[in-house]
Amino acid sequence: MARPIPIVYCHFVPWKLPPSRQQYLMESVSRHHPVYFLDMVPHRLGRLEFPRIERLSPNLALIQHPFNLRFRRHANRFPVLSSLIDSGFLRRILQRDGVGEYVYWLAASDFVLYRGMDHRRLVFDCIDPCFTGDYERFDFEEETIARRARVVFCTAAVLLEKMQRFNANCHLLPNAAPAEIYHPSVLQRLSPPDVRRPVVGYMGTLDWRFDADMVMAVARQMPEVTFVLTGRSVPDQVERIAPLRQCPNVVFTGPVDVEQGRAWVAAFDVGLIPFLTGPMGDAINPVKMYMYLAAGKPVVATWIRECRGYEPHVTATQTPADMVAAIRRALQPPLSTRGDERVCIGQQNTWDARADQALAVLQQVGLLSPPRR
């Protein structure tokens with residue numbers, strides 16, 4: 001019996017970072033199919049360790065190598081360096097592990113990860129819009145990769161509509177949540193933090209997407225509610241969110257690990273998604289939406305496209321007054337008792353379900369089949 005053609009997944013994400021789409025999705029894929037995850041490990045200046053394979057399970061292995069963000073900056077200046085990722089080590093280390101053909105699943109519109117790779121089995125995972133501000137370059141690289149890919153997956157409808165201009169084989173593959181660890185029956189075993197109820201909570205990074213003005217306006221109108229902001233603050237956003245720290249009913253937890261985050265979610269009465277509205281916000285499919293729903297929590301969001309269509313469990317709002325009204329409705333018993341329905345939605349949007357969908361597409365187009373000789 002022929003050995004399955006493995007998936008080599010590449011993104012500038014170290015495996016040991018707090019889990020995100022990259023790790024969760026590939027863990028689920030590996031339950032049915034072999035996966036090699038390119039793990040960008042840090043290295044000391046002037047010392048490059050030889051890449052090695054660390055097997056986490058029979059079907060999931062990390063290829064650890066030192067081509068991290070420092071290498072990425074140099075490779076952008078000297079494109080020939082990026083070919084080292086493939087010809088310099090990837091093929092050799094895979095061959096030593098018995099792998100010839102592989103599916104190259106690229107989860108970043110970045111030429112550093114694109115040049116030199118085998119494009120015959122290229123899969124492009126279009127995850128986010130441009131966050132850097134260099135839109136012209138980003139669009140050019142993204143379009144080039146999308147045109148060459150055999151399959152393009154997109155997390156949001158806006159991204160799907162964009163990619164369909166370049167590739168006919170595009171599929172919507174939204175984010176999801178590890179529903180099994182956020183199920184209410186699991187969360188109730190945790191010791192929730194001591195905080196004044198009711199609690200409206202946000203779980204995520206406080207970065208450029210975070211609408212601090214909206215949260216400030218809503219918090220001031222609801223002094224009886226505690227607003228908990230769980231996650232790290234990006235340094236360049238500290239000044240913008242500083243006024244929020246003066247609100248007596250706003251709590252900043254700082255960075256938390258997965259277990260601490262789950263304890264905070266258990267304490268939330270309402271889950272909050274306060275992203276800035278507009279084309280950028282519309283292109284983001286929030287992982288936290290599925291996480292809140294899996295925990296049985298009602299969700300209130302700003303007016304971003306991916307949060308519409310889940311009423312009455314997710315309410316997208318346009319103004320602070322709308323958000324205040326939506327939070328008050330979510331805190332009322334007739335709606336707060338619909339937790340089972342929200343948990344059901346969370347169970348339908350798991351990483352296992354996304355992995356099944358992705359593997360079905362790759363099988364359909366023949367990417368997982370051995371080549372004909």
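How many bridges join β7 to strand β8, and in which sense do the two run? The close-ups below take that up and then move along the chain; keep in mind that this is a predicted model.

**View 1. Here β7 meets strand β8 (residues 170–172).** Three bridges join the two strands, and they run parallel. To find your place, look for C154, whose bridge partner in β8 is L172. Between the two strands, the chain leaves β7, passes through helix α6 (residues 157–163) and comes into β8, making a right-handed β-α-β crossover.

**View 2. This one shows β7 with strand β6 (residues 122–126).** These two also pair in the parallel sense, over four bridges. F124 sits opposite V152 of β7. Getting from β6 to β7 takes the chain through helix α5 (residues 135–148), and this β-α-β crossover is right-handed.

**View 3. Now for the two faces of strand β7 (residues 151–154).** Are its side chains buried or exposed? V151 and F153 lie on one side, V152 and C154 on the other, and all four are buried. In other words, β7 is covered on both faces.

**View 4. Next comes an open sheet of six strands.** Reading across, the order is β11-β10-β9-β12-β13-β14, with parallel pairing. The edges are β11 (250–254) and β14 (314–317), each of which pairs on one side only. On average, neighbouring strands here are turned by 25° against each other, direction ignored.

**View 5. Zooming in on that sheet, we see strand β9 (residues 199–203) beside strand β10 (residues 226–230).** Five bridges hold this parallel pair. One easy landmark is G201, which stands opposite V228 in β10. Helix α11 (residues 258–267) lies across β9, β10 and β11, and runs at about 150° to β9.

**View 6. The last view is of the largest nonpolar core, centred here on F227.** Nonpolar side chains tend to be buried together in soluble globular proteins. In this model, the core has 53 residues, and F210, F227 and I273 have the most contacts inside it. What does F227 touch, leaving aside its neighbours within four places in sequence? Its contacts are V200, V218, A219, M222, N249, V250, V251 and I327. Another core lies apart from this one; it has 36 residues, including F89, L94, V99 and L122.

Technical notes
Residues numbered from 1 in each chain as written. Predicted model: local features only at pLDDT ≥ 70, side-chain atom pairs only at ≥ 80, totals over all residues. Heavy atoms only, no water. Buried < 20%, exposed > 50% of the residue type's maximum accessible area, 1.4 Å probe, protein only. Pairing = 2+ DSSP bridges. Right-handed = clockwise from strand over helix to strand, strands pointing away. Axes fitted to C-alpha atoms, helices over the stretch in contact; angles between N-to-C directions. Contact = heavy atoms within 4.5 Å. Core = buried A, V, L, I, M, F, W, Y, C linked by side-chain atoms within 4.5 Å.
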